[in-house]
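Work through the exercises below with the structure open beside the text. Each task is followed by a solution in steps.

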Amino acid sequence: MAVKLFAYIRINRCDLAARTLETMKEVEEDNCLYTLASCWLSLHDPKAPVNVHDTVITQLNELSEKFGYTLKTYNLLAIALIERGDLDKAIMIYENALSSLGVYGLFEKGAEDPEYTKVFQPNNTDLACLLFNYIKANAAKNGLSSEIYAAPQGGMQQFLRGDPLSIKLFSLLSKMQSPLAKEFFEERMRASEAFDLALKKEGL
């Protein structure tokens, strides 16, 4: 049922996803899958209440206290904070996730560690998504600074290529051979082109 719910979210049918969530609740409300599905739906539902992010954060913290924090719960928690506008706390969550779960330490040890290939592999989508979102959160925070905002065209690209944290995170993604690293720059380019087009239409 959880897979069915996520599929409904992917096709923007939050109404059908909500019905599936109700069925999951009737079957076993205390199941961790129900809590994760509820949080994911809340973050995607356009009809969710204004304070939904506070509810999601509380649910994820309670879930993690029972079963421990994972890459997935850290990522969801940070996403909720980002959507709430709290980039500083979101970045702290991402940094804590990579440190406490040993990702940084394993990266420094290299391929000699038997766990290295298990963690840094293309199908580790939980880690890839967390790194991808961490890069975006860091870029969003620094993109609000007057220096980068006022820089000539390509200011953000220059920041990403010169920022030590961004370089480190991109290195991790590259070691995983994740396509998300390339996708990030393509997304930034599309956003920049759309912004320039809007300015031209306004005659600016």
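**Exercise 1: A loop residue**

Asparagine 12 lies in the loop between α1 and α2. The model is a predicted one.

Task: State what is notable about the phi of asparagine 12, and decide whether the residue is buried or exposed.

Solution.
Step 1. Look at the backbone: phi of asparagine 12 is near 60°, which is positive although the residue is not a glycine.
Step 2. Set this against the general rule. Most residues other than glycine have a negative phi.
Step 3. Place the residue along the chain: asparagine 12 comes after α1.
Step 4. Check the surface. The relative accessibility of asparagine 12 is 67%, and the cut-off for exposed is over 50%, so asparagine 12 counts as exposed.

**Exercise 2: The two sides of a helix**

Task: Find which residues of helix α1 (residues 2–10) are buried, and explain why they lie on the same side of α1.

Solution.
Step 1. List the buried residues: they are Ala2, Leu5 and Ile9 in α1.
Step 2. Consider their directions. These residues cover an arc of only 60° around the axis, and therefore they sit on the same side of α1.
Step 3. Recall the geometry behind the pattern. An α-helix has 3.6 residues a turn, so residues three or four places apart point the same way.
Step 4. Turn to the face directed away from the buried side of α1: this face carries Val3 and Arg10, which are exposed.
Step 5. Ask what lies over the buried residues of α1. The cover includes α2 (14–28) and α3 (32–44).

**Exercise 3: Salt bridges around one arginine**

Task: Say how many salt bridges the structure holds, and describe those that involve arginine 84.

Solution.
Step 1. Begin with the total: the structure has seven salt bridges.
Step 2. Take one of them. Arginine 84 and aspartate 54 meet through their side chains, at 2.7 Å from N to O.
Step 3. Locate the partners: arginine 84 is in the loop between α5 (71–83) and α6 (87–100), while aspartate 54 is in helix α4 (residues 52–67), so this pair ties together parts that are 30 residues apart in sequence.
Step 4. Add another partner. The side chains of arginine 84 and aspartate 86 also form a salt bridge, at 3.6 Å from N to O.
Step 5. Join the pairs: Asp54, Arg84 and Asp86 are linked in a network of salt bridges.
Step 6. Compare accessibility within the network. Arginine 84 is partly exposed at 37%, and aspartate 54 is partly exposed at 38%, whereas aspartate 86 is buried at 19%.

**Exercise 4: A link between distant parts**

Task: Determine where in the chain aspartate 126 and lysine 72 lie, and how exposed each one is.

Solution.
Step 1. Identify the contact: the side chains of aspartate 126 and lysine 72 form a salt bridge, at 2.9 Å from N to O.
Step 2. Place both ends. Aspartate 126 belongs to helix α9 (residues 125–143) and lysine 72 to helix α5, so that distant parts of the chain, 54 residues apart, are linked.
Step 3. Read the accessibility: aspartate 126 is partly exposed at 28%, and lysine 72 is partly exposed at 38%.

**Exercise 5: Cysteines**

Task: State how many disulfides a search of the whole structure finds.

Solution.
Step 1. Search the whole structure: zero disulfides are found.
Step 2. Inspect cysteine 32, which is partly exposed with a relative accessible area of 29%.
Step 3. Inspect cysteine 129, which is partly exposed at 34% relative accessibility.

Notes: Residues numbered from 1 in each chain as written. Predicted model: local features only at pLDDT ≥ 70, side-chain atom pairs only at ≥ 80, totals over all residues. Heavy atoms only, no water. Buried < 20%, exposed > 50% of the residue type's maximum accessible area, 1.4 Å probe, protein only. Helix = DSSP H or I, 4+ residues; strand = E, 2+ residues; numbered from the N terminus. Arc of directions from axis to C-beta. Contact = heavy atoms within 4.5 Å. Disulfide = S-S within 2.5 Å. Salt bridge = Lys/Arg side-chain N within 4 Å of Asp/Glu carboxyl O.
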